[in-house]
Amino acid sequence: MDHNAAFQAYETAALSAIAAATDAAGLEKVRIEFLGKKQGQLKDLQAVVGKVAADQRPAVGKLFNDVRDKVTAALEERQKLLEKPKKSLTAIDIALPGTEFKLGKRHPLTQTMEDFKDIIGRFGFTVADGPEIEDEYHNFKALNIPDDHPARDPLENFYLSTASYAAGQPLQPRLLRSQTSTVQIRVMEQQQPPIRIVSLGRVYRPDTIDATHSCMFHQMEGLMIGADVTMAQLKTVLRLFATTYLGQDVTIRFRPSFFPFTEPSVEVDMSWGKDWLEIGGAGMVDPNVLKAVGYDPEVVTGFAFGLGIERFCMRRHQIKDIRRFYENDVRFLAQF
Ligand code: PHE
């Protein structure tokens, strides 16, 4: 067989073996057979080149190289193809119309709380946080609520059973906080004036559930402490806050009231049609509260407020029943 015929036979056999390989392992066998350096067909072909006359050897050598390069290229291409995952049903056809997803929405109360933080943040209030499981000191005592106050009645609160107390902890009664005013104390224990914070979160009271009451609801507590904080500032902040969230047509009304932790105290109402709805309590921080956290009431004053978040959201969206918020009915929730 002359060298040309040998090259031709080698090339044809190699290319068809490469094309016939269906997986990487099979292709590797083909590589060893046709391109292996130590043995196999390439070695035989080299021997053919060795036998040609010396003057023809450069030309034949070049032909040998060409054939080997061609087979090597074919093998590499096949390798790449076999590496790729098979085109199958998982391939994405970008020309097809997409599947329609209904994106979920944040709960209306979550949206309201985001709005609240945004609005009150413009008055310079930052957000603080506190625990929902509280001790009597933070929920009552430090807030100047005496032992015999009706708000401390076990029937007015969700006390936790002693079995739930952490092991090794002193047996101190714990309850689900009934107001976010607890966070006033927690913040003042940690920081020195001036203070300007809000705290938003859940509170729990064993109230009879109806259209405007729930045993769990959300409050935004506000606290501002400084050298000369005044009641006028409190009223301005609450009016501006309410009209920013609810619109200019809302009227905010302050009624004299009583809270153990503020003096003087007011109840805050908003107009809703021809009616008034209570939205929270507020007042000037009682000197006893300032003393409880180690502040000097002769040096600093402050105001505090607690607003019901549900009621704001209800007025803004004309929701007539507070129970809607907690039923998880998507037909209701999807509207916001
Ligand atoms: N904590 C009071 C309540 O839940 C509201 C309040 C907060 C009143 C701050 C005065 C100052 O009813």
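**Exercise 1. Count the salt bridges of the structure, and examine the pair formed by Lys-62 and Asp-66.**

Step 1. The structure, which is a predicted model, holds 17 salt bridges, a salt bridge being a side-chain nitrogen of Lys or Arg within 4 Å of a carboxyl oxygen of Asp or Glu. Side chains of opposite charge can pair when their charged atoms come close.

Step 2. In the pair of Lys-62 and Asp-66, the closest N and O atoms are 3.2 Å apart. Both residues belong to helix α4 (residues 57-83), and because they are 4 residues apart there, about one helical turn separates them. Helices (H or I, at least four residues) and strands (E, at least two) are DSSP runs, numbered from the N terminus.

A note on conventions: residues are numbered from 1 along each chain as its sequence is written, and side-chain values use heavy atoms, with hydrogens and water left out. In this predicted model, local features need pLDDT of at least 70 and side-chain atom pairs count only at pLDDT 80 or more, while totals for chains, interfaces and linings use all residues.

**Exercise 2. Describe the shell around the ligand and the polar side-chain atoms that approach the ligand.**

Step 1. There are 14 residues around the ligand (each with a heavy atom within 4 Å of it), and those that come nearest are Gln-179, Ser-181, Arg-205, Gln-219 and Gly-306.

Step 2. A nitrogen atom of the ligand lies 2.8 Å from a polar side-chain atom of Gln-179, and a ligand nitrogen is 2.9 Å from an N or O atom in the side chain of Ser-181. For Gln-219, a polar side-chain atom is 2.9 Å from an oxygen atom of the ligand.

Step 3. Two or more residues of the shell come from each of β6 (216-226), β9 (275-285) and β10 (301-308), and β10 gives the most, with 3 residues.

**Exercise 3. Locate the cis peptide bonds at Pro-194 and Pro-264, and the positive phi of Gln-318.**

Step 1. Most residues other than glycine have a negative phi, and most peptide bonds are trans.

Step 2. The bond from Pro-193 to Pro-194 is cis, with omega near 0°, and Pro-194 lies in the loop between α7 (182-190) and β5 (195-204). Glu-263 and Pro-264 are also joined by a cis peptide bond, with omega about 0°, but Pro-264 is placed in strand β8 (residues 262-272).

Step 3. Gln-318, a residue other than glycine, has a positive phi near 55°, and its place is in the loop between α10 (309-317) and α11 (330-333).

Note on methods. Polar contact = N/O pair within 3.5 Å; in protein donor to acceptor, adjacent residues only side chain to side chain.
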